[in-house]
Amino acid sequence: MLVDYKKANICQREGESVLRNVNFRVNEGDFIYLIGRVGSGKSSLLKTIYCELDIDEAEKAEVLEQNLLEIRRKDIPALRKQMGIIFQDFQLLTDRSVYKNLRFVLQSTGWKDKADIDARINEVLEAVDMADKADKMPHELSGGEQQRIAIARAILNHPKMIVADEPTGSLDAETADNILELLRKISQSGTAVIMTTHNMPLLDKYPGIVYRCEEGLVVELNN
């Protein structure tokens with residue numbers, strides 16, 4: 001089990017309750033959607049997984065075998081290293097090329113050998129069908145291409161799961177389909193994918209486990 005929440009309460013930093021009694025589980029290779037209106041708590045739930053937001057209280061709150069109720073701040077980077085995080089606005093470093101964006105991540109997470117770094121960058125760019133874009137600057141890429149690079153960045157360190165906040169939110173329908181196909185392929189290799197979305201047609205086209213956030217609760221719709 002990669003994520004196991006039982007009766008978890010999630011509050012914003014100012015103490016306002018967002019979600020209560022959350023039961024949420026993620027297993028290896030799961031493809032999970034979080035749906036719900038703006039402000040319903042989808043992003044807040046994601047943020048607790050990578051410790052951007054604390055869980056207020058819970059019967060159980062574990063991510064990658066770490067107890068989030070007891071985790072120390074200094075242990076959070078090691079936890080995040082085991083997951084890939086994808087944002088709607090890509091968050092690429094605009095002052096450097098695609099290759100240097102990816103190299104920065106690897107060097108920041110302890111990679112030292114240049115040959116190993118180059119090989120891994122080439123591998124992930126091939127995986128997202130962007131092998132010919134290594135020398136491009138982010139502003140030279142389309143939105144869909146930037147999101148593919150963001151996915152490449154997320155899988156650099158062979159994560160156990162990917163957490164994606166509206167990864168298709170700013171993309172046209174065809175590009176969104178391409179991104180979902182890529183994420184599904186990644187999940188089928190064993191990496192769990194947890195993503196928020198407002199794009200309801202995607203749920204029919206790319207079936208997965210669906211949780212809805214509404215009225216302070218998280219409800220699994222597949223049951």
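# Sheet pairing and helix packing in a predicted model

User: How do you know that strand β8 and strand β9 are paired in this predicted model, and in which sense do they run?

Analyst: Five bridges join β8 (residues 161–165) to β9 (residues 192–196), and the two strands run parallel. Pairing requires at least two bridges between the strands, so five bridges satisfy that condition. One of the partnerships can be named: Met-161 has Ala-192 of β9 as its bridge partner.

User: What makes β7 and β11 the edge strands?

Analyst: The sheet is open and consists of six strands in the order β7-β8-β9-β3-β10-β11, with mixed pairing. Within that order, β7 (83–87) and β11 (217–220) are called edge strands because each pairs on one side only. From one strand to the next, the twist averages 15 degrees.

User: How do you know that β10 and β11 pair, and what joins them into a hairpin?

Analyst: Four bridges connect β10 with β11 in the antiparallel sense, and since the criterion is at least two bridges, the two strands count as paired. Glu-214 stands opposite Leu-217 in β11, and the hairpin has two residues between its strands. In the turn, Glu-215 has a positive phi of about 50 degrees.

User: Which strands does helix α1 lie across, and at what angle does it run to β8?

Analyst: Helix α1 (residues 42–49) lies across β3 (31–35), β7, β8, β9, β10 (209–214) and β11. Its direction is at about 150 degrees to β8.

User: Why are α3 and α4 called oblique to each other?

Analyst: The axes of α3 (residues 98–108) and α4 (residues 114–127) come within 10 Å and cross at roughly 120 degrees. Roughly perpendicular covers 65 to 115 degrees and roughly antiparallel begins over 145, so a crossing at roughly 120 degrees belongs to neither class and the pair is oblique. The crossing in which α3 passes α4 is right-handed. On the α3 side the contact is made by Val-98, Tyr-99, Leu-102, Arg-103, Leu-106 and Gln-107, while α4 contributes Lys-114, Ile-117, Asp-118, Arg-120, Ile-121, Val-124 and Leu-125. These contact residues divide into eight nonpolar, one polar and four charged.

User: What makes α3 and α5 roughly parallel?

Analyst: Helix α3 and helix α5 (residues 143–154) pack at an angle of about 25 degrees, with their axes 10 Å apart. Angles under 35 degrees count as roughly parallel, and the pair therefore receives that description. Their crossing is right-handed. The contact is made by Val-98, Leu-102 and Val-105 of α3 together with Ile-149, Ala-152 and Arg-153 of α5, a set that divides into five nonpolar, no polar and one charged.

User: Why is the pair of α5 and α6 given the description roughly parallel?

Analyst: For α5 and helix α6 (residues 173–188) the packing angle is about 15 degrees and the axes are 10 Å apart. With the limit for roughly parallel set at under 35 degrees, these two helices therefore qualify. The crossing of α5 and α6 is right-handed. Gly-144, Gln-147, Arg-148 and Ile-151 of α5 make the contact with Thr-175, Asn-178, Ile-179, Leu-182, Leu-183 and Ile-186 of α6, and these residues divide into five nonpolar, four polar and one charged.

User: How do you know that the protein is as compact as a globular protein of its length?

Analyst: The protein has seven helices and 11 strands. Its radius of gyration is 17 Å, close to the 17 Å that the globule rule gives for 223 residues, so the protein is as compact as a globular protein of that length. Along its principal axes, the C-alpha trace spans about 45 × 40 × 30 Å.

Key:
Residues are numbered from 1 along each chain as its sequence is written. This is a predicted model: local features need pLDDT of at least 70, side-chain atom pairs count only at pLDDT 80 or more; totals for chains, interfaces and linings use all residues. Side-chain values use heavy atoms; hydrogens and water are left out. Axes are lines fitted to C-alpha atoms, for helices over the stretch in contact, and angles run from 0 to 180 degrees between N-to-C directions. A crossing is left-handed if the near helix is turned anticlockwise from the far one by less than a right angle, and right-handed if clockwise. Contact means heavy atoms within 4.5 Å. Ala, Val, Leu, Ile, Met, Phe, Trp, Tyr, Cys and Pro count as nonpolar, Asp, Glu, Lys and Arg as charged, and the others, Gly among them, as polar. The radius of gyration is taken over C-alpha atoms; the globule rule is 2.2 Å times the number of residues to the power 0.38.
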